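Student: Could you walk me through reading a few features of a protein model?
Tutor: Gladly, let's look together.

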Amino acid sequence: MIDCEKVKLMTKCAIYESHEGNSDIEGSKYRKSDYIGLAVIRNIAASAVGYLLLIGILFLYNMDMLVKIAFTSLIKKYFILLTGIYFGIVLIIIACTYYLSSREYNKSRKRLSKYVRMLKQINKMTIKGEAVDYIDKTAE
C-alpha cells in the first residue's frame with residue numbers, strides 16, 4: 001500500500017535535490033572558514049582583472065593627457081591614487097563577500113539539515129513499512 005506521507009517527503013527531497021541540493025551538497029564539503037576564504041579569493045581575483053581592464057580602457061581613452069602627465073612629476077601621485085582606490089575597493093569587496101558568503105553558507109547548512117531530517121523520516125517509514133509487511137506475511 002502506498003504511504004501518502006512518504007510520497008510527499010520523497011517528492012520534497014527530489015525537488016530539493018534538483019534545485020539547491022547540488023550546490024548545498026558541494027558546499028557542505030568545506031568548513032565555513034574555507035568556504036568563505038575561497039569566495040573571497042575568487043572575488044579578489046575577479047576584481048583585480050576588472051580593475052586592470054578598467055584602467056587599461058581609461059588609459060587608452062585618455063592617452064594624450066597621460067603622455068603629458070608622464071613628463072611631469074604627477075605620474076607618481078596618480079599611481080598612488082589609483083593604488084589607494086584599488087585597495088579601498090578590495091576592502092569593500094572582502095567585507096561584502098565575507099558577509100554574503102557567510103549568510104549563504106548558513107542558509108545552505110539549514111537546508112541540508114532539513115533534507116537529512118526528511119531522509120531519516122523516509123528511512124523510518126520504510127523500516128516501519130517493511131516490519132508491517134513482514135508481520136503480515138508471517139501471519140498468513
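Tutor: Buried means under 20% relative accessible area, exposed over 50%, and partly exposed in between, with a 1.4 Å probe and protein chains only. Helices (H or I, at least four residues) and strands (E, at least two) are DSSP runs, numbered from the N terminus. This is a predicted model, where local features need pLDDT of at least 70, side-chain atom pairs count only at pLDDT 80 or more, and totals for chains, interfaces and linings use all residues. Residues are numbered from 1 along each chain as its sequence is written, and side-chain values use heavy atoms, leaving out hydrogens and water.

Student: Which residues of H2 are buried?
Tutor: They are Ile 36, Ala 39, Val 40, Ser 47 and Tyr 51.

Student: What span should helix H2 have?
Tutor: The expected span is 1.5 Å times one less than the number of residues. Helix H2 (residues 32-61) has 30 residues, so 44 Å is expected, and its end C-alpha atoms lie 43 Å apart, in agreement.

Student: How many aromatic pairs are there?
Tutor: Rings of Phe, Tyr and Trp (its six-membered ring) pair if their centres lie within 6.5 Å; planes under 30 degrees apart are stacked, over 60 edge-to-face, the rest tilted. The count here is four. One of them is the tilted pair of Tyr 51 and Tyr 86, with 5.0 Å between centres and 45 degrees between planes. This pair links distant parts of the chain, as Tyr 51 sits in helix H2 and Tyr 86, 35 residues apart from it, in helix H4 (residues 74-139).

Student: Are Tyr 51 and Tyr 86 buried or exposed?
Tutor: Both are buried. Ring pairs also join Tyr 51, Tyr 86 and Phe 87 into a cluster.
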